[in-house]
Amino acid sequence: MPPRAPAASVRRFQSWRFGLFVHWGLYSAAARHEWVKYRERLTDQQYQPYFDHFDADLYDPGAWAELATQAGMRYAVLTTKHHEGFCLWDSDLTDYKVTRTPHGKDAVGPFIEAFRTAGLGIGLYHSLIDWHHPDFTVDSHHPQRDDTAARSADTGRDMGRYADHLNGQVRELLTRYGGIDIMWFDFSYPDHDIYEQPISDGKGRAAWRSERLVETVRSLQPDILLNDRLDLPGSADFTTAEQYQPAGPVLVDGHPVVWEACHTLNGSWGYDRDNLDDKPAELLVRMLVDAVSKDGNLLLNVGPNARGEIDQRAARTLREIGAWMRLHSSAIHDAGPSTYEAPDGCRYTQRGDRLYLHLFTWPMKHVRLPGLAGKVRYARFLADHSEVRRDEPPADGAGSTLTLELPVQRPDVAVPVVELVLHDS
Ligand code: GLC
């Protein structure tokens, strides 16, 4: 197995902590979830209108990058191709691509350019699954799953050829746009898949020829980070918790690993017009803090609409997160877990001699910090740098608990944070 990413890439990725996931494709025009083709069992012909009318007249990746930057995000991952098979770049290997739609222009290049200019790291999501490619065999995860003729053995579909196509497209993506920070493949469902449902026509490392893909990625971009969805143990630089918060630092074979949780704003990755199930910004801030306190990253998704705009609700949520990040990013960027154990209803993050107490609940007057007596030089709220007074236990006492005195009024921010400056030692 080729070597994994250099330690410097891993450290940089972990210092970013917060990124933007962007799901954008033809499903954005259907506007009812990125799995719409599968859910509604649409044929290629029924799906064609979204291609024929894809004209993203308001696509302005500079505006997306600005929103991401204001939200305190440090990197972004774009869907170059989702399961529907539609390519957002001008691939030589298919006509099912953005340059053949009325939009008529590459969309990946301008995205990379805009986010790079804004100083953000760049990740490319690429679907292993392809519901449009003529060689991709029709399985139980496919929109045509009920079509017995399409599923029969003699359709002439050839996964070997598909794997070559997949490899060739990845090669295009990693040779045309300069240095890419993250390659984010999605996803494998080998027999008896992750959902523990018996699947007998699954696809995994053999179907994708994952070893070869890893070699392609590593040889073209030696500094890149690779995610864990190739069904190839030992090949990943980080794991991807999807739509849940791990209970603690993520362990693989008993060892802590680099991880990133990815979350939607409303349960759908692609633009979903009638879905109003938005997570409040305050919850999202708590999720970000929770991830960092467990040594993870948060990749938060937006699904721009078919005109290429991030809708107002999503933009508002990002701005609200940004209002918190403007005052509290020092507790997130470059920060990680602490060896101190946080009191109930709180999380700790730490960066060098700065220990950050994130208060998810607001106690009456006192918060008690076990193990911190005699360890803290100064305490203040991050929001306004106002002092938070401390009650140290008597010097001759055996107590090791430091008590902080909180005002009755909770600071008016999504999550109040007390910065504890620790004594050197
Ligand atoms: C899943 C879904 C998909 C989404 C992805 C993000 O695997 O198939 O629609 O892109 O997760 O993690």
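Hi everyone, let me start right at the ligand: one of the polar side-chain atoms of histidine 83 sits 2.8 Å from a ligand oxygen atom. Please keep in mind throughout that this is a predicted model.

Histidine 82 does something similar, with a polar side-chain atom 2.8 Å from an oxygen atom of the ligand. Then there is arginine 229, where the distance from a polar side-chain atom to a ligand oxygen atom is 3.1 Å. How much of the ligand's accessible area does the protein cover? On its own the ligand has 310 Å² of accessible area, and the protein covers 95% of that.

Let's look at the surroundings. There are 14 residues around the ligand, and those that come nearest are His23, Glu34, His82, His83 and Glu242. As for chemistry, the shell splits into seven nonpolar residues, three polar ones and four charged ones.

Let me stay with histidine 82 for a moment. You will find histidine 82 in the loop between S2 and H6. Is this residue, histidine 82, buried or exposed? Histidine 82 counts as buried because its relative accessible area is 4%, and the cut-off for buried is under 20%. Besides facing the ligand oxygen at 2.8 Å, the side chain of histidine 82 makes a polar contact of 3.1 Å with the side chain of tyrosine 125.

Now follow the chain back from that loop into strand S2, residues 75-81. Seven of the seven residues in S2 are buried, so the strand is mostly covered. What are the neighbours of S2? Strand S1, residues 18-22, runs parallel to S2 and is joined to it by four bridges. In that pairing, valine 22 stands opposite leucine 78. Strand S3, residues 121-127, also pairs with S2 in the parallel sense, here over six bridges. Lysine 81 has histidine 126 in S3 as its bridge partner. And if you trace from S2 through helix H6, residues 108-117, to S3, you have walked along a right-handed β-α-β unit.

For anyone who wants a reminder, strands of a sheet pair through backbone hydrogen bonds, in either a parallel or an antiparallel way.

For the antiparallel case, let's jump further along the chain. Here three strands make an open sheet, in the order S13-S16-S15, with antiparallel pairing. Strand S13 (366-369) and strand S15 (390-391) are the edge strands, each pairing on one side only. S15 is joined to strand S16, residues 402-405, by two bridges. Across that pairing, aspartate 391 stands opposite threonine 403.

Next, a few buried residues elsewhere. Asparagine 227 is in the loop between strand S5 (225-226) and strand S6 (239-242). With a relative accessibility of 0%, asparagine 227 counts as buried, and its side chain reaches the backbone oxygen of phenylalanine 185 at 2.9 Å.

Leucine 174 belongs to helix H8, residues 159-176. Why does leucine 174 count as buried? Because its relative accessibility is 4%. Leucine 174 is 44 residues from arginine 218 in sequence, and their C-alpha atoms are 10.0 Å apart in space.

Methionine 287, in helix H11 (residues 281-293), is buried as well, at 8% relative accessible area. Between methionine 287 and tyrosine 340, which are 53 residues apart along the chain, the C-alpha separation is 20 Å.

I'll finish with some backbone details to look up in the viewer. Which two residues does a cis peptide bond join? Aspartate 186 and phenylalanine 187, with omega about -20°. Phenylalanine 187 sits in the loop between strand S4 (182-186) and helix H9 (205-208).

Then we have two residues with positive phi that are not glycines. Aspartate 253 has a phi of about 50°, and its place is the loop between strand S7 (251-252) and strand S8 (255-256). Aspartate 253 is exposed because its relative accessible area is 72%, and exposed means over 50%. Histidine 385 has a phi of about 55° and lies in the loop between strand S14 (376-381) and S15. At 44% relative accessible area, histidine 385 is partly exposed.

That's my tour, thanks for listening!

Notes
Residues are numbered from 1 along each chain as its sequence is written. This is a predicted model: local features need pLDDT of at least 70, side-chain atom pairs count only at pLDDT 80 or more; totals for chains, interfaces and linings use all residues. Side-chain values use heavy atoms; hydrogens and water are left out. Buried means under 20% relative accessible area, exposed over 50%, partly exposed in between (1.4 Å probe, protein chains only). Two strands pair if DSSP finds at least two bridges between them. A crossover is right-handed if, with the strands pointing away from the viewer, the path from the first strand over the helix to the second runs clockwise. A residue is near a molecule or strand if one of its heavy atoms lies within 4 Å of it. A polar contact is a pair of N or O atoms within 3.5 Å; within protein, one must be able to donate a hydrogen and the other to accept it, and residues adjacent in sequence count only if both atoms are side-chain atoms. Accessible areas come from the Shrake-Rupley method with a 1.4 Å probe; for residues, only the protein chains shown count as cover. Ala, Val, Leu, Ile, Met, Phe, Trp, Tyr, Cys and Pro count as nonpolar, Asp, Glu, Lys and Arg as charged, and the others, Gly among them, as polar.
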